[in-house]
Amino acid sequence: MKALDGRLAVVTGGTRGIGRGIVDRFVTEGAHVVVTARTAASGEEIAKAYPLAVTYVAADAARPAELEAVVQAVKALGRPVDVVVANAGGGGSTLVASSTEAEFDAVIAANVKSAFFTVQALLPYMRDGGSIVLIGSIAGSNGGVGAVVYNAAKAAVRSLARSFTAELAPRGIRANVVSPGPTQTAGFDAFIGDDKARLDGVIAAMPVGRVSQPSDVAAAVLFMASDQSRQIAGAELVIDGGMSQI
Ligand SMILES: NC(=O)c1ccc[n+]([C@@H]2O[C@H](COP(=O)([O-])OP(=O)(O)OC[C@H]3O[C@@H](n4cnc5c(N)ncnc54)[C@H](OP(=O)(O)O)[C@@H]3O)[C@@H](O)[C@H]2O)c1
């Protein structure tokens, strides 16, 4: 018996990076996964890779009107959603001294608005007892320079898990946050570039001595999504190789 046999999951931002790692793991564990992203080409690639196990929907999670397409895809599958993973997010650099209103709004929308309205749109189609997993960041618990709005946005995502859990308790729906530290994605590779000293600096700050892979984060998301975590609600699981603990 696989952990997600017969389960229906929705993963936003599931075509690349951490989201793709989550989709790969969920499919391996028996789930059917509705995957969203904004770029049609990458959606076609994942739908081709998993013709039976993935339904791709082009939708910007930060635009609530576009989430209607996700709802329609779920309704067409004809069964309740067991797991919602609000993974879409990210953010460019921001400084308190210079960030514009537009930059502020974009980062809040990408992370907070997207998670909130993804959950709101899918709630009527979730089964009682289902699981919501929000992707936060260790940035939500520190004051990393150059990311003031992203840091605040991920702190808000952490808060959403508490409020969702409290409000949805009558339906037995749990919400938890999985918060990665540095994880090897295209964005991370672009940040490192050819700068070996920068990479060495990141690794030196991680007690386990390696940068996380998307599959490391996916293992934690699987745990929070599955019945193995049935007694965990409103909590945060940090996947950062110990970086934020020293
Ligand atoms: N990588 C890290 O080191 C790290 C660390 C801590 C937390 N995180 C968090 O982990 C999550 C995933 O990050 P990542 O590094 O894996 O990102 P990524 O490699 O840039 O991949 C992002 C994925 O989300 C999709 N996406 C982005 N914005 C979207 C939106 N508004 N609506 C729908 N899909 C969207 C992208 O596809 P399209 O571009 O086609 O839409 C892509 O599939 C984010 O919430 C991020 O804040 C990442």
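Select Gly130 first: this residue is found in strand S5 (residues 126–135), where strands (E, at least two residues) and helices (H or I, at least four) are DSSP runs numbered from the N terminus. The model is predicted, so local features need pLDDT of at least 70 and side-chain atom pairs count only at pLDDT 80 or more, while totals for chains, interfaces and linings use all residues. Residues are numbered from 1 along each chain as its sequence is written.

Gly130 is buried, with 24 other C-beta atoms within 10 Å. A residue is buried if 20 or more other C-beta atoms lie within 10 Å of its own, exposed if 12 or fewer, and partly exposed in between, with C-beta atoms placed from the backbone. Add Val81, Asp82, Val83 and Ile173 to the selection: Gly130 is in contact with these residues, neighbours within four places in sequence being left aside. Two residues are in contact if their C-beta atoms, placed from the backbone, lie within 7 Å. Then display Asp227, which is 97 residues from Gly130 in sequence and 9.2 Å from it in space, C-alpha to C-alpha.

Move next to Gly140, in the loop between S5 and helix H5 (148–168). Gly140 counts as buried, with 21 C-beta neighbours inside 10 Å. Beyond its neighbours within four places in sequence, Gly140 contacts Asn151, Lys154, Ala155, Val157, Arg158 and Ser179. For a distant reference point, select Thr28: Gly140 and Thr28 are 112 residues apart in sequence and 30 Å apart in space, C-alpha to C-alpha.

Now show H5 together with H4 (residues 101–122). H4 and H5 pack at an angle of about 15°, with their axes 9 Å apart; axes are lines fitted to C-alpha atoms, for helices over the stretch in contact, and angles run from 0 to 180 degrees between N-to-C directions. The two helices are therefore roughly parallel to each other. Angles under 35 degrees count as roughly parallel, over 145 as roughly antiparallel, 65 to 115 as roughly perpendicular and the rest as oblique. On the H4 side, the contact includes Phe104, Val107 and Phe116, and on the H5 side it includes Tyr150, Leu160 and Phe164. By class, this contact has 14 nonpolar, one polar and two charged residues. Ala, Val, Leu, Ile, Met, Phe, Trp, Tyr, Cys and Pro count as nonpolar, Asp, Glu, Lys and Arg as charged, and the others, Gly among them, as polar.

Keep H4 and add helix H3 (residues 67–77); the axes of H3 and H4 come within 10 Å and cross at roughly 35°. Leu67, Val70, Val71 and Val74 of H3 meet Phe117, Thr118, Ala121 and Leu122 of H4. This contact has seven nonpolar, one polar and no charged residues.

The last pair is H1 (residues 17–28) and H8 (residues 214–225), whose axes come within 8 Å and cross at roughly 55°. H1 and H8 are therefore oblique to each other. Among the residues that meet are Ile18, Ile22 and Phe26 in H1, and Val217, Val221 and Leu222 in H8. By class, the contact of H1 with H8 has nine nonpolar, three polar and three charged residues.

Finally, zoom out to the whole protein, which has eight helices and seven strands. Its C-alpha trace spans about 50 × 40 × 40 Å along the principal axes. Of the 246 residues, 44% count as buried.
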